[in-house]
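Reader: I have a new model open and want a quick tour. Can you take my questions one by one?

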Amino acid sequence: MRTVLIVLVLLGNGVSGFTRDKVRFSDYFADKTLRIDFFHSGDSKTDLFSPDRIYIHGEWAGNPDRCIQPFELGSYKAEIVDIATNTVIYTKGYSTIFSEYQTTAPALQGISKTFHESVLIPLPLRPFIFIIEKRDKYNVLQPIYRVTIDPADYHINTEIKKNPVDQVIPVLKSGEPGHCVDLVILGDGYRLSELEKFKSDLNYYASLFFSVEPYKSRKNLFNVTGILSPSVESGTDEPRQGIYRNTKLGSSFNALDLDRYCLADDNKTIRDVASQVPYDAILIMVNLDRYGGGGIYNWQTVFNTGSPWKDYVFLHEFGHAFAGLGDEYFTSEVAYQDFYTTGVEPLEANITALLDTANVKWKQFLSPGIKVPTEWGKAKFDSLNQQVSLLNEERARTISQMKKANASPDAISRKEKEYQDKIKTVNKKLDDFINNHPLKDKVGVFEGANYMSKGLYRPTVMSLMHKFSEKDRSYGVVNEHAIIGTIEYYTVQ
């Protein structure tokens, strides 16, 4: 079947000639959802788009009073231009797995990969231009793709994407989709026989979500639905362990060749399953007891149902996917290379390059009398982290040598416990350092953020975007402010 499009052009110039007035929804849109699917290919220097299919789904989940997104976030931005009036009628920023792939070593070596992607928009009443812009290394948007679409084209697919065995489970209904944040939580790696476990996990994470601010006091602004589209097998892929599972949504550890990074890349199936309800955000709950997950802005939050860190992973990754927050840690292994350009202010609300000390990004929240930048004992923190890293390296090397020497299982077990006890002791010192820090409740400008030990800064010593603490499950005031802004984008009339 022929793909739906009228004209396909790679853009060579900007889109500044279009009118950008406040949009009255009913003048331009019907209350339905148009899903534009395409393939996105390339390496670190190229972006190639190939159209796939276009679908019309049910009612539009987005806020009809906020057609133009006010945030400058995401690696890409979708723009919709009404041809009849030459007016930009809808915009939304987003990021992708492909945009992260472009920063990895294989992409920098010129190895191309292809990913399937979607952009959802309210259904236009008339022919329109669909534009994708991409941020360059200076965070300036440049148009890179353009296609003209007629919503009356008979090739647009209107079939209902529902499997008879799918289980749609309402969790919370606070209001109409257009003025609520609509979360859909999809289960991956759950067999149909595990429906009760899915329900139990679903209720656990919904309760966790509304136990933390700023969600707790705004519960009446959310709709939450769970959908289980059963998998053939339980769990998920763990490539480095040689484990592969036949799951519905294609989740897998070792995303971008980073073992703990778990994402789901079967975009078409994910979108088909989610389309059974209106949604603003997709969360994918993976049925596996293991640390890991991932969050990509305006695309997906992936979290696993087990491990002592499961609560932290869920809340942390949602912060990425929902509000575009950056990581505030700087000591973990990542797959990215040259992720930031020196001298360019990051887009994330909670990360700064401190280019202007008199006008810090979160100046309004700085604690009275705090110094900029803020000394916080980073050398001690780094030293303790280095001790943990060295102990882990030594443990792995020693255990490997013992196995090669055919040491007894008991001897290996004793040595493993010996190292784990040493690591636990150092981690306890790290926890004490953070939990008893004199600046723990202060907002300042603390060096070390977003995988960079030097040159990037975060607003607090510790938050949910840095590390998990049983004693203090808090995003911090700067992150909460960004999350609240996103909630209001979806809900305020």
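Author: One term before we start. Two strands pair if DSSP finds at least two bridges between them. Also, this is a predicted model. With that in hand, take the hairpin that joins E2 to E3 through five residues.

Reader: How many bridges do E2 and E3 form, and in which sense do they pair?

Author: Eight bridges, in the antiparallel sense. To find a spot on screen, go to Ser-41: its bridge partner in E3 is Leu-48.

Reader: What order do the strands of that open sheet have?

Author: The order is E3-E2-E6, three strands with antiparallel pairing. Strand E3 (48-57) and strand E6 (113-124) are the edges, each pairing on one side only. From neighbour to neighbour the strands turn by 20 degrees on average, ignoring direction.

Reader: How many bridges join E2 to E6?

Author: There are 12 bridges between strand E2 (residues 29-42) and E6, and the two run antiparallel. One pair to click on is His-40 with Phe-115, its bridge partner in E6.

Reader: Which helix packs on the sheet?

Author: Helix H5 (residues 267-274) does, and it touches E2, E3 and E6. The direction of H5 makes about 30 degrees with that of E6.

Reader: New topic. How many cavities of 30 Å³ or more does the structure hold?

Author: Five. The largest has about 460 Å³ of space in it.

Reader: Which residues are closest to the centre of the largest cavity?

Author: Ser-118, Val-119, Leu-120, Arg-271 and Asn-298, out of 32 residues that line the largest cavity.

Reader: Which element gives the most to that lining?

Author: E6, with seven residues. So E6 turns up twice: as an edge strand and as the top supplier of this lining. Elements that supply at least two residues each also include strand E5 (87-94), strand E14 (281-286) and helix H9 (477-491).

Reader: What is the lining like by class?

Author: It has 18 nonpolar, eight polar and six charged residues.

Reader: Now pockets. What volume does the second largest one have?

Author: About 400 Å³. It is lined by 21 residues, and the closest to its centre are Lys-113, Asn-254, Ala-255, Leu-256 and Asp-257.

Reader: Which element gives the most there?

Author: E6 gives the most to this pocket lining, with four residues. H2, helix H3 (105-108) and strand E13 (263-264) are among the others that supply at least two each. By class, this lining divides into 11 nonpolar, seven polar and three charged residues.

Reader: What order do the strands have in the open sheet of six?

Author: E9-E11-E10-E14-E16-E15, with mixed pairing. The edges are strand E9 (167-172) and strand E15 (293-296), each pairing on one side only. The twist averages 20 degrees from one strand to the next.

Reader: How many bridges join E9 to E11?

Author: Five join E9 to strand E11 (residues 222-228), and the two run antiparallel. Val-168 has Ile-227 as its bridge partner in E11.

Reader: And which helix packs on this sheet?

Author: Helix H6 (residues 310-323). H6 touches strand E10 (181-188), E14, E15 and strand E16 (300-304), and its direction makes about 175 degrees with that of E16.

Reader: At what angle do H7 and H8 pack?

Author: About 170 degrees, with the axes of helix H7 (residues 378-404) and helix H8 (residues 409-435) 10 Å apart. Angles over 145 degrees count as roughly antiparallel, so H7 and H8 are roughly antiparallel to each other. Their contact divides into 14 nonpolar, six polar and eight charged residues.

Reader: Last thing, backbone oddities. Which peptide bond is cis, with omega near 10 degrees?

Author: The one from Glu-213 to Pro-214. Pro-214 sits in the loop between helix H4 (195-209) and E11. The bond from Val-372 to Pro-373 is cis as well, with omega near -5 degrees. Pro-373 lies in the loop between H6 and H7.

Reader: What is phi of Leu-354 near?

Author: Phi of Leu-354 is near 55 degrees, a positive value in a residue other than glycine. Look for Leu-354 in the loop between H6 and H7.

How values were computed
Residues numbered from 1 in each chain as written. Predicted model: local features only at pLDDT ≥ 70, side-chain atom pairs only at ≥ 80, totals over all residues. Heavy atoms only, no water. Axes fitted to C-alpha atoms, helices over the stretch in contact; angles between N-to-C directions. Contact = heavy atoms within 4.5 Å. 1 Å grid on protein atoms, 1.4 Å probe; cavity = no way out; pocket = protein on both sides within 12 Å on 5 of 7 lines; lining within 4 Å. Points joined across faces, edges and corners; volume = space filled by probe spheres on them. Nonpolar A, V, L, I, M, F, W, Y, C, P; charged D, E, K, R; others polar. Parallel < 35°, antiparallel > 145°, perpendicular 65-115°, else oblique.
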